Amino acid sequence: MVAAVSRLRTMMRFGVHGLRTSWVRPMGTAARASMDVEGWREREQGPSVPVEVVHSQEVDRGVQWVFLGCPGVGKGTYASRLAKLLHVPHIAMGDLVRREILNLTPMAEQLKKIMGAGQLLPDEIIFRLLTKRLENGASEGETGFILDGFPRTVHQAEIMDEVASIDLVVNLKLREDVLISKCLGRRICSECGGNFNVASIDVDGYDSVPRILMPPLLPPPKCASKMTIRADDTEDVVRARLRIYYEESQPVEDYYRAKGLLLNFDVAGGIPETWPRLLSALNLEDKISGSHDSRKMMA
Ligand SMILES: Nc1ncnc2c1ncn2[C@@H]1O[C@H](COP(=O)(O)OP(=O)(O)O)[C@@H](O)[C@H]1O
């Protein structure tokens, strides 16, 4: 992990000092917003010191997994539970960006606008936020991660491959009508940050597609009056995010499939049914059966 962070930081420095095309994708695709990152660069880059790769070999590290899947599929729900179970951090790219916006950094308004339109942020911003998060984690002894929301493009996946070795990619799947309902039902507690969902999903199956039943995940009374809705969870923006997912992120599935790392998993119900099925698909049932944690994670 320390080596991965050092490599990422080294690549970023090369990027900043002239070899930028090696990792910053040209702007201007339909999905990618362009923004002025000069101010960001100056503030974030810090002094240009040589980076030493501290560990050449990593032993006994935690898992290095990636969660893929459309908006609303439940990446955060399941990645966070698995991260707890496997004692690694859950690193959600969207949360890192939202935190940056809350910190009122000089870039906040631009970030907000791009996110609000459902577009992808420039790679430079994403890599800087991720590097910073991984560096902080490495300094606290973190040795693995479950990434959620990164990589979102083949280019990001290629860069990731150069800095860390991904063990497994879990690709969550759910039909589109349900994804939209789930995004529109999403609520976040402004105080504790807890994620809830007011959508009550019960859609008939057809042909070989099974019926899908997902009860709402309602907040406890202490959070009920503090529910907020993400600015990008409106129907138009959710549809735009889905389009961008199909265009930019679905090829990432093919990328990892070709490497033999992709595990497809159908989310076909609420957490109590899906969580044990996911553990079984990951051969992790023995990690949890009968424990107190098991009951907590199914809620
Ligand atoms: N890897 C990334 N590359 C570019 N932009 C990103 C990335 N991850 C997150 N973002 C930005 O943050 C927004 C929210 O991300 P996230 O919370 O993961 O949403 P979702 O629920 O759509 O998976 C994205 O729509 C995009 O604007």
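Helices of at least four residues and strands of at least two are DSSP runs, numbered from the N terminus. The exercises below concern a predicted model.

**Exercise 1.** Determine which helix gives the largest share of the lining of the second largest pocket.

*Solution.*
1. The lining consists of Leu96, Arg99, Glu100, Asn103, Leu129, Lys132, Arg133 and Asn136.
2. Two elements, helix H4 (93-102) and helix H6 (123-139), each give two or more residues to this lining.
3. The largest share, 4 residues, comes from H6.
4. By character, the lining residues divide into 2 nonpolar, 2 polar and 4 charged.
5. The space in this pocket is about 190 Å³.

**Exercise 2.** Explain why Cys70 forms no disulfide with Cys183.

*Solution.*
1. A disulfide requires two cysteine sulfur atoms within 2.5 Å.
2. The cysteine sulfur closest to that of Cys70 belongs to Cys183 and lies 9.0 Å away, so the distance is too far for a bond.
3. Cys189 is likewise in no disulfide, since the nearest cysteine sulfur, that of Cys192, is 3.7 Å away.
4. The count for the model is accordingly 0 disulfides.
5. Cys70 is buried, with a relative accessible area of 10%, and Cys189 is buried as well, at 3%.

**Exercise 3.** State which residues have the most contacts inside the largest nonpolar core, and describe the surroundings of Ile146.

*Solution.*
1. The largest nonpolar core has 69 residues.
2. Trp65, Leu82, Ile146 and Tyr256 have the most contacts inside this core.
3. Beyond its neighbours within four places in sequence, Ile146 is in contact with residues including Val63, Trp65, Phe67, Leu82 and Ile91.
4. In soluble globular proteins, nonpolar side chains tend to be buried together.

Key: Residues are numbered from 1 along each chain as its sequence is written. This is a predicted model: local features need pLDDT of at least 70, side-chain atom pairs count only at pLDDT 80 or more; totals for chains, interfaces and linings use all residues. Side-chain values use heavy atoms; hydrogens and water are left out. A nonpolar core is a set of buried Ala, Val, Leu, Ile, Met, Phe, Trp, Tyr and Cys residues joined through side-chain atoms within 4.5 Å. Buried means under 20% relative accessible area, exposed over 50%, partly exposed in between (1.4 Å probe, protein chains only). Contact means heavy atoms within 4.5 Å. On a 1 Å grid over the protein atoms alone, a cavity is a set of points where a 1.4 Å probe fits but cannot get out, and a pocket is an open set with protein on both sides within 12 Å along at least five of seven lines; lining residues have an atom within 4 Å of a point. Grid points are joined across faces, edges and corners, and a volume is the space filled by probe spheres set on the points. Ala, Val, Leu, Ile, Met, Phe, Trp, Tyr, Cys and Pro count as nonpolar, Asp, Glu, Lys and Arg as charged, and the others, Gly among them, as polar.
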